[in-house]
Amino acid sequence: MSAKDIFHYAVKVALQKADWQITDDPLTIRLSRTLNLYIDLGAEKIIAADRNGQRIAVEVKSFLGASLISDFHTAVGQFINYRYALAEHDPERILYLAVPVETYDEFFALPFVQTVIQGSEIHLLIYDAEQEEIVAWKN
């Protein structure tokens with residue numbers, strides 16, 4: 001199992017503040033007898049009006065490494081692998097990449113990065129790590 005991101009707890013609290021119930025920490029997907037994937041968080045939100053729940057998986061990234069573009073390559077690669085695994089093992093769950101608001105405002109606003117995000121159909125959860133709050137959802 002991989003180490004938790006430095007902002008793992010902040011995103012978990014942010015989801016709970018937004019009335020999401022954390023169901024898995026981490027969300028494990030068993031690919032084979034010897035190979036598992038671990039997505040940082042699984043969460044569920046019950047919609048009272050019709051009782052149909054909404055389920056998500058969240059991969060948390062801090063983007064605090066030496067190279068933003070290298071962190072971005074890793075994040076996109078993980079996201080795509082996790083999306084394929086969820087499609088096979090838990091197709092109702094929507095996958096989000098959690099990104100700090102500062103990184104979103106400065107790096108994700110670049111046209112190249114926007115092109116990759118839109119072309120790869122990556123859902124984003126933008127969070128404020130200090131306030132432990134969700135700033136925006138981008139689908």
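This is a short presentation of one protein chain, from its overall form to a few selected residues.

Good morning. The model before you is predicted; local features need pLDDT of at least 70, side-chain atom pairs count only at pLDDT 80 or more, and totals for chains, interfaces and linings use all residues. Residues are numbered from 1 along each chain as its sequence is written, and side-chain values use heavy atoms, with hydrogens and water left out.

I begin with the overall form. The protein has 4 helices and 8 strands; helices (H or I, at least four residues) and strands (E, at least two) are DSSP runs, numbered from the N terminus. Along the sequence their order is α-β-β-β-β-β-α-β-α-α-β-β. The radius of gyration is 15 Å, close to the 14 Å that the globule rule gives for 139 residues, so the protein is as compact as a globular protein of that length. Here the radius is taken over C-alpha atoms, and the rule is 2.2 Å times the number of residues to the power 0.38. Along the principal axes, the C-alpha atoms fill a box of roughly 40 × 35 × 30 Å.

Next, burial and contacts. Of the 139 residues, 41% count as buried; buried means under 20% relative accessible area, exposed over 50%, and partly exposed in between, with a 1.4 Å probe and protein chains only. Among contacts with a separation of 6 or more, 58% come from residues 24 or more positions apart, a contact being heavy atoms within 4.5 Å. The protein exposes about 7,900 Å², and carbon and sulfur atoms supply 49% of that area; the areas come from the Shrake-Rupley method with a 1.4 Å probe, and for residues only the protein chains shown count as cover.

I turn now to helix α2. How does the span of this helix compare with expectation? At 1.5 Å a residue, the 22 residues of α2 (residues 68-89) should span 32 Å, and the end C-alpha atoms are 31 Å apart, which agrees. The expected span is 1.5 Å times one less than the number of residues in the helix. The buried residues in α2 are F72, A75, V76, F79, Y82, A85 and L86. Against which elements do they pack? Their partners are the strands β2 (27-30), β3 (36-39), β5 (53-60), β6 (94-100) and β7 (123-128), together with helix α4 (111-119).

Two residues of this helix illustrate opposite settings. L86, in α2, is buried, because its relative accessible area is 2%. Leaving aside neighbours within four places in sequence, L86 is in contact with L27, I29, I39, A57, P91, R93 and L95. One of these, I29, is 57 residues from L86 along the chain, and their C-alpha atoms are separated by 7.6 Å. H73, also in α2, is exposed, because its relative accessible area is 51%. The C-alpha atoms of H73 and A57 are 19 Å apart, with these positions 16 residues apart in chain numbering.

Helix α2 also meets the loop between α4 and β7, where S120 is found. S120 touches V76, I80 and R83, not counting residues up to four places away in sequence. With a relative accessible area of 16%, S120 is buried.

In strand β7 we find H123, which is partly exposed at a relative accessible area of 25%. Beyond residues up to four places away in sequence, H123 touches F79, I94, L95, Y96, L97, K138 and N139.

Finally, the backbone. Most residues other than glycine have a negative phi, and most peptide bonds are trans. In this model, D19 has a positive phi, near 70°. D19 lies in the loop between α1 and β1, and at 59% relative accessibility it counts as exposed. The helix before that loop, α1 (residues 8-17), has H8, A10, V11, V13, A14 and L15 as its buried residues. F63 likewise is not a glycine and has a positive phi, of about 55°. Is F63, in the loop between β5 and α2, buried or exposed? At 7% relative accessibility, F63 counts as buried. As for the peptide bonds, a cis bond joins D25 and P26, with omega about 10°. P26 lies in the loop between β1 (21-24) and β2.

Thank you for your attention.
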